[in-house]
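Work through the exercises below with the structure open beside you. Try each task before reading its solution.

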Amino acid sequence: MSESTEVGLSARQARVPLPRSAPPPAVLRPRALHDLRRSRGPAALHYPPQDVLVVSGLPGSGKSTLLRRCVRARVIDSQQVREEYEARLPAWLPYAVYRPLVRFAHYRRLRRALLAGGPLAVHDCGAVPLVRFWLARSAARQGRGLHLVLLDASSAEAREGQLSRGQSVSAYAFARHCRAAGRLRTRLAGTGAPPAGCASVVVLDRSAARRLAEIAFTAA
């Protein structure tokens, strides 16, 4: 099995293929588990107007880039919060010092956006599964669906992405992200369906992600 079937797992870890789905149309309205790796992928993903989308993947896999380029709705991205703090604080101050402030500001902003209602896209590092559980429960209480887009990148590709943006992740933190991605991927492969609380999952490799031009929230 090739390395492109891996979602953030090292070569030493077991690789269980996800179930394949039929080739997607130009505009896909996800309703199940859609594995779009090694395919041209759709040009657009369309979700119900009031739903919540979580974009997950390893640090450096391209989550923030995809959110900025494609999403036609409000976006809550922890990377944006980090950049805001970096612009205000001295350049010599290490990120580790003010990381707790960034996380607090991010989750406060996310909570407010959830309570405000309306379509929402969220950057999720994936290392804390409880965050996705909280999002799913909060959305369900409001009668909204939660959807997941998982960016498939190998650990090497993710490291390259970190270097290109000039923000690397420590070896310890990166390993934690890889383990979380591995658990999610194993769960998807085992069930062949979205995790509990998720209305749909779309798995993209870099090629399919580049083809994607729009993520919108529209009525059917």
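**Exercise 1. Decide whether Gly-143 is buried or exposed, and place it in the chain.**

Solution. Start with the cut-offs: buried means under 20% relative accessible area, exposed over 50%, and partly exposed in between (1.4 Å probe, protein chains only). Gly-143 has 69% relative accessibility, so it counts as exposed. Next, find its place. Gly-143 sits in the loop between helix 4 and strand 7. Helices (H or I, at least four residues) and strands (E, at least two) are DSSP runs, numbered from the N terminus. Finally, look across to Asp-51. The two residues are 92 apart in sequence, yet their C-alpha atoms are 8.7 Å apart in space.

The model is predicted: local features need pLDDT of at least 70, side-chain atom pairs count only at pLDDT 80 or more, and totals for chains, interfaces and linings use all residues. Residues are numbered from 1 along each chain as its sequence is written, and side-chain values use heavy atoms, with hydrogens and water left out.

**Exercise 2. State how confident the predictor is in the chain.**

Solution. pLDDT is the predictor's confidence in each residue, from 0 to 100. The chain has a mean pLDDT of 86. Of its residues, 89% reach 70 or more. Now check residues 1–15. Their pLDDT is below 50. This stretch has 35 contacts in the model beyond near neighbours in sequence. Contact means heavy atoms within 4.5 Å.

**Exercise 3. Describe the surroundings of Trp-134.**

Solution. First, locate Trp-134: it lies in helix 4. Its relative accessibility is 26%, so it counts as partly exposed. Then list its contacts, leaving aside neighbours within four places in sequence. They are Tyr-107, Leu-110, Arg-111 and Leu-114. Last, take Gly-197, 63 residues away along the chain. Its C-alpha atom is separated from that of Trp-134 by 9.7 Å.

**Exercise 4. Lay out the open sheet of three strands.**

Solution. Write down the order: 1-3-9, with parallel pairing. Strand 1 (27–28) and strand 9 (214–217) stand at the edges, each with a single partner strand, so one side of each has no neighbour in the sheet. Two strands pair if DSSP finds at least two bridges between them. Count the bridges next. Strand 1 and strand 3 (residues 44–47) are joined by two. Strand 3 and strand 9 are joined by four. Now match residues. Val-27 has Ala-44 as its bridge partner in strand 3. Leu-28 stands opposite Leu-45. His-46 has Ala-216 as its bridge partner in strand 9. Finish with the faces of strand 3. Ala-44 and His-46 lie on one side, Leu-45 and Tyr-47 on the other, and all are buried.

**Exercise 5. Explain why strand 8 is largely enclosed.**

Solution. Five of the five residues of strand 8 (residues 200–204) are buried, so the rest of the structure largely encloses this strand. Sort them by direction. Ser-200, Val-202 and Leu-204 point one way, Val-201 and Val-203 the other. In a regular strand the side chains alternate between the two faces of the sheet. Now add the partners. Strand 2 (residues 33–35) pairs with strand 8 in the parallel sense over three bridges. Asp-35 has Val-203 as its bridge partner. Strand 7 (residues 146–151) also pairs with strand 8 in the parallel sense, over five bridges. Here Leu-151 has Leu-204 as its bridge partner.
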